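User: Could you take a close look at one helix and how it packs against its neighbours? An informal walk-through is fine.

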Amino acid sequence: MSDPRKRLISAKAGERLLAIAGWTVVWLVVAFIILPAVVVGISAFNDRAILSFPPQAWSTRWFARAFSYRDFSEGFRNGLIITAFASSIALVVGAGFAFALDRYSFRGKMALEAVLTSPLVIPHFTIGLGFLILAAQIHATRTFALVIVCHVVLVLPFVMRSVYVSLRNLDSRLELAAASLGARPGRALFTVTLPLLIPGLFSGWLFAAILSFNEFTASLFVTAQATQTLPVAMYNYVREYADPTLAALSVIYIVVTALLLTIANAFLGLGKVLNVEHVR
Amino acid sequence: MNKRPFLALFVAPATLAAIASAAALAAILQYAFRAYVPGSLNPGGLTLDNFFALLRPLYAQVFIQTVWICLLTALITLVVAYPLAFALVRTRNVALKSFLLITAVTPLFLGEVVRTYSWIIVLGNTGFINSVLKGLGIIDRPIQMMFTTFGVVTALVHVTLPVMVIMLSAALSHIDRDYEKAATSLGAGPVKAFLTVMLPLSMPGVVAGVSTAFAWTFSAFATPQMIGGGKVSMISTLVYQLGFASFNFPFAAALSVTGLALTFAVLAMAKQAIKPLEKIGAH
């Protein structure tokens with residue numbers, strides 16, 4: 001048998017080796033995640049009109065084109081309209097239902113919850129196709145209303161979950177205190193419950209807005225030329241042109257999203273939101 | 001006094017939304033059993049032909065390929081995501097934790113088009129990987145990665161990774177660390193403690209993550225469409241092609257319905273698999 005002290009030392013060395021190996025793997029995974037963003041970032045400044053790597057000459061002209069291309073600016077505007085309506089409607093509908101889900105028991109509760117959370121597992125192309133067929137039957141395929149309704153259904157589960165989790169963490173004795181002090185249900189709701197829920201409501205709305213703005217597959221089915229959103233316009237661009245304009249737009253996208261998430265992380269604690277988000 | 005104030009007010013809008021999504025699904029189901037009338041957007045009479053057509057080798061093959069791609073993607077994503085989730089949960093360095101979290105989660109919010117487009121530049125014949133390999137003198141001619149299953153799966157792993165990391169770290173962060181400490185104090189090394197304690201306790205998260213990744217991959221459209229380029233077909237790309245290239249909406253609907261049944265079957269199996277696993281981990 002070897003000297004126990006020696007064994008301890010070799011165990012320590014083994015542990016250190018293990019830690020190094022582990023972190024190497026972690027950084028390789030991080031590199032895998034970041035690689036496409038870095039490559040797209042470099043390609044965006046390629047002067048040539050054909051995507052090739054590495055660029056031989058540099059230019060910022062594709063950024064100018066990304067801003068001046070009409071389908072992009074219209075897609076951006078359409079996207080803002082659709083996102084504003086869809087995320088706000090989803091917030092009202094989802095928050096109300098989350099409240100009922102948490103506080104009350106009523107007939108059809110389980111069935112309603114199952115239907116409303118089902119878009120989490122139903123493929124988006126199926127939902128998009130369903131709404132397209134539905135709209136075709138009532139001759140409303142080219143409307144903003146169609147896209148908005150479709151997006152509301154898609155983002156509702158995220159709002160519901162976010163608000164439901166905040167309701168769970170809320171001390172309901174505060175409401176009882178308000179009631180015992182003579183506040184009517186409506187007053188208790190608006191002066192006690194609602195203000196306490198604001199972080200949950202905001203994060204639910206933010207998730208809904210980001211998801212709606214970026215939704216692609218279902219949107220491809222339910223949008224027409226006049227209601228086309230930015231991701232759909234981007235997809236159509238790739239099919240027509242091979243120049244780095246989309247790389248430039250992607251860079252803007254990545255930077256803005258990372259910034260938004262960093263801010264959200266600083267103010268809301270992304271870890272907390274996401275961790276409780278996925279506990280079932 | 002009313003014990004459920006505002007109940008109707010809270011539930012009515014949600015009921016409307018539920019009716020909308022149920023109506024959309026009912027519309028698909030209804031179309032799946034209708035005949036295709038070439039040249040017309042309106043379907044014909046009731047028929048089961050659409051489902052019989054699915055049995056043709058061409059379509060059966062797309063089904064098999066889709067399931068294969070989904071399985072492959074889900075398992076590779078698990079292997080790639082686990083170390084990152086583990087590091088995310090374990091590191092005590094706050095800045096590092098935030099960095100890992102933002103890195104893991106940002107792609108989720110970028111949407112499929114931006115991410116898939118980036119992969120075209122990485123995988124293309126004049127793209128990043130081929131240029132690097134050529135520059136190093138390892139290859140003379142570019143390796144074909146676009147329009148291959150390899151390319152599609154690589155990009156799909158990237159697309160599915162954030163969800164897997166979130167689900168795994170949620171599971172890992174809820175494991176009581178005392179179990180691991182107990183194992184170590186009883187003489188287990190870090191590897192043994194991980195393999196015999198942490199890994200089994202994280203199995204419910206693993207199964208949940210893999211089944212969600214499967215469903216996500218099944219749902220993916222932009223990635224197989226843009227990277228597969230028609231050479232690698234999945235159910236999603238076939239549904240789109242049938243709908244918008246040949247306007248055969250009844251068949252597209254039948255394909256969607258069958259795909260949906262498959263997704264639900266996989267998720268139900270996963271749920272069954274989690275049950276006994278959760279009993280082990282119950283505390």
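Analyst: Here is a look at helix α3 of chain A and two of its packing partners. This is a predicted model, where local features need pLDDT of at least 70, side-chain atom pairs count only at pLDDT 80 or more, and totals for chains, interfaces and linings use all residues. Residues are numbered from 1 along each chain as its sequence is written, with chains lettered from A and ligands numbered from 1 in the order in which they are written.

Helix α3 of chain A covers residues 70-103; helices here are DSSP runs (H or I, at least four residues) numbered from the N terminus. Start with α10(A), residues 230-240: the two axes sit 7 Å apart at an angle of about 155°, taking axes as lines fitted to C-alpha atoms over the stretch in contact, and angles from 0 to 180 degrees between N-to-C directions. α3(A) and α10(A) are therefore roughly antiparallel (over 145 degrees; under 35 is roughly parallel, 65 to 115 roughly perpendicular, the rest oblique). On the α3(A) side, Asp71(A), Phe72(A), Gly75(A), Phe76(A) and Gly79(A) do the touching, and they meet Leu230(A), Val232(A), Ala233(A), Asn236(A) and Tyr237(A) of α10(A); contact means C-beta atoms, placed from the backbone, within 7 Å. By class, that's six nonpolar, three polar and one charged (Ala, Val, Leu, Ile, Met, Phe, Trp, Tyr, Cys and Pro are nonpolar, Asp, Glu, Lys and Arg charged, the others, including Gly, polar).

Now for α6(A), residues 144-168: its axis and that of α3(A) come within 6 Å and cross at roughly 40°, which makes the pair oblique. The contact of α3(A) with α6(A) has 24 nonpolar, three polar and two charged residues.

Technical notes: Helices (H or I, at least four residues) and strands (E, at least two) are DSSP runs, numbered from the N terminus. Two residues are in contact if their C-beta atoms, placed from the backbone, lie within 7 Å.
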